[in-house]
Amino acid sequence: MSSQSTALSNGAKSVTGGQPDGNSDARVVYGDRLRFVPRNILVTGGAGFIASHVVERLVSRYPHYRVTVLDKLDYCSSLSNLAQVANRPNFKFIRGDIRSHDLVLYVLQEECIDTVLHFAACTHVDNSFTSSILFTENNVLGTHVLLECARQYGKVRRFIHVSTDEVYGGESNMETESSILAPTNPYACSKAAAEFICRGYVKSFGLPVIITRGNNVYGPHQFPDKLIPKSICLLAQRRPCFVHGSGEHARNFLYVEDAASAFDTILHCGETDAVYNVGSEIEKRNIDVVHDIIDLFGLSAEANRHIEFVKDRTLNDMRYRIDSSKLHALGWRPQVSWEEGLRRTKTWYCDPNNLKRWPNYLSGLVPHPSLTEEKH
Ligand SMILES: NC(=O)c1ccc[n+]([C@@H]2O[C@H](COP(=O)([O-])OP(=O)(O)OC[C@H]3O[C@@H](n4cnc5c(N)ncnc54)[C@H](O)[C@@H]3O)[C@@H](O)[C@H]2O)c1
């Protein structure tokens, strides 16, 4: 494999590594950093929460990239999440299931995809206790089909597999990317299983995979069956917030724009065959999250009236602490404070127009959501 470098007018240097199939893997050096430059990106799950922000960012900031979203439009997703980019010439939406081998291979070939950002998954831990097979089908089999199609297609230069901090399990250790995976709930186990299949494709076939393991993300576009948007929607209706068990369980929270900038950094500067933790230093117990939201509504004088303690999850990990110094070394840091992120999130969910995108959103405002026929 040969490589050439060319000076660019803006002071950057373009490095082109020849691939065995004759395709070029364009990289650009800025300062002392080597940046991968994608051309045609496939984003799975792009009509969901986090990926819709990533798509908005990529389509708007990089008009020379073509972004194709593949999403089956599950109950938690909405095309309205992509409204800001729907008419951009470098954006395309395809409704479909990542478990369909023929469809995925067709999309890779037809769109000349060189980069995959794989977000699509079933994501609610509560649902995974009642419908765990669905999690295996979508998260494990779905990932496997994508990887196999990428292998057969042979022209994917970067495959970013989006995983979660939950794969480490709920111990109090500070987990680094080399910590042992010890997932506990069916959702986390399906995400860990998908990671291992990725590993098989890296080691056996040399597929250029990057894995990310992220903390909890919050902000606009998240279906309100998760703690923060659910509590805001309940309080807006003057109903009490549900707190699982004692409320002592803690999570680290990252505002969604910071998550999107992390994926931007990893896409361009991450190393293949590497794992990156995507963490926040904002750790909050569930009960404190709810109190902070009650404060924002100006209801703290009678806070206890606005909280209903409900039975705990079947299994509830205590906390997830991850060390993100590897990602910090690529230049990424979260920018949005907890107060600012929560204020923006409350404003967004308190606009009834924003909730119309999920005709079924009231089904999320229950103590323990489960997947019912009405959601599908
Ligand atoms: N939300 C978080 O706090 C968080 C934290 C860490 C990691 N993650 C990971 O990030 C990714 C995105 O999470 P999110 O919270 O934005 O999810 P989400 O539930 O909002 O969206 C998931 C999207 O995937 C789509 N999808 C699911 N199965 C599919 C299939 N078989 N084919 C095509 N599309 C399918 C859904 O329609 C939906 O649009 C997931 O992989 C999740 O495990 C999320």
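**Notes on a predicted model: two sheets and the helices around them**

1. Let's start at one pairing: Thr 44 has His 118 of β8 standing opposite. This is a predicted model, so please read everything below in that light. The strands involved are β5 and β8 (residues 115–118), which run parallel and are joined by four bridges.

2. β5 has a partner in β6 (residues 66–71) too, again running parallel, with five bridges joining the two. Here you can look for Asn 40, whose bridge partner in β6 is Arg 66. Together with helix α1 (residues 49–61), β5 and β6 make a β-α-β unit, and this unit is right-handed.

3. How enclosed is strand β5 by the rest of the structure? Of its five residues (40–44), four are buried, so the strand is largely enclosed. A residue counts as buried here when 20 or more other C-beta atoms lie within 10 Å of its own.

4. Now step back to the sheet as a whole. It is an open sheet of seven strands with parallel pairing, and the order is β7-β6-β5-β8-β9-β11-β15. β7 and β15 (274–278) are the edge strands, each pairing on one side only. Ignoring direction, neighbouring strands of this sheet are turned against each other by 20° on average.

5. Towards the β15 edge, strand β11 (residues 209–214) pairs with β15 in the parallel sense, over five bridges. A handy place to see this is Ile 211, which stands opposite Val 275 in β15. Helix α4 packs on the sheet and touches β5, β8 and β9; the direction of α4 makes about 175° with that of β8.

6. Helix α2 (residues 101–110) has three buried residues: Val 104, Val 107 and Leu 108. Viewed down the axis of α2, these fall within an arc of 100°, so they line one face of the helix. Asp 102 and Glu 110, on the other side of α2, are exposed. What do the buried residues of α2 pack against? Their neighbours are β5, β6, β7 (91–95) and α4 (132–153). If you follow the chain past α2, you meet Cys 112, with a positive phi near 50°.

7. For anyone interested in the ligand, 30 residues lie around it, and those that come nearest are Gly 45, Gly 48, Phe 49, Asp 74 and Ser 77. Which elements each supply at least two residues of the shell? They are α1, α4, β9 (158–164) and β12. Helix α1 gives the most, with three residues.

8. There is also an open sheet of three strands, ordered β12-β14-β16, and its pairing is mixed. β12 (216–218) and β16 (283–285) stand at the edges with a single partner strand each, so one side of each has no neighbour in the sheet. From one strand to the next, the twist averages 50°.

9. Within this three-stranded sheet, β14 (residues 250–255) pairs with β16 in the antiparallel sense over three bridges. Asn 252 has Glu 283 of β16 as its bridge partner. Helix α7 (residues 256–269) packs on the sheet, where α7 touches β12 and β14, and its direction makes about 75° with that of β14.

10. Helix α6 (residues 227–236) deserves a look as well. Nine of its ten residues are buried, so α6 is largely enclosed by the rest of the structure. Among these buried residues are Leu 227, Ile 228 and Pro 229, and also Lys 230 and Ser 231. The buried residues of α6 pack against β12, β13 (241–244), α8 (286–296) and α10 (338–349). Just after the helix, Arg 238 takes a positive phi of about 55°.

11. Finally, some totals for the chain. The secondary structure comes to eleven helices and 18 strands. Of the 376 residues, 46% are buried. Among contacts with a separation of 6 or more, 78% join residues 24 or more positions apart.

Note on methods. Residues numbered from 1 in each chain as written. Predicted model: local features only at pLDDT ≥ 70, side-chain atom pairs only at ≥ 80, totals over all residues. Pairing = 2+ DSSP bridges. Axes fitted to C-alpha atoms, helices over the stretch in contact; angles between N-to-C directions. Contact = placed C-beta atoms within 7 Å. Buried ≥ 20, exposed ≤ 12 C-beta atoms within 10 Å, placed from the backbone. Right-handed = clockwise from strand over helix to strand, strands pointing away. Arc of directions from axis to C-beta. Near = placed C-beta within 6 Å.
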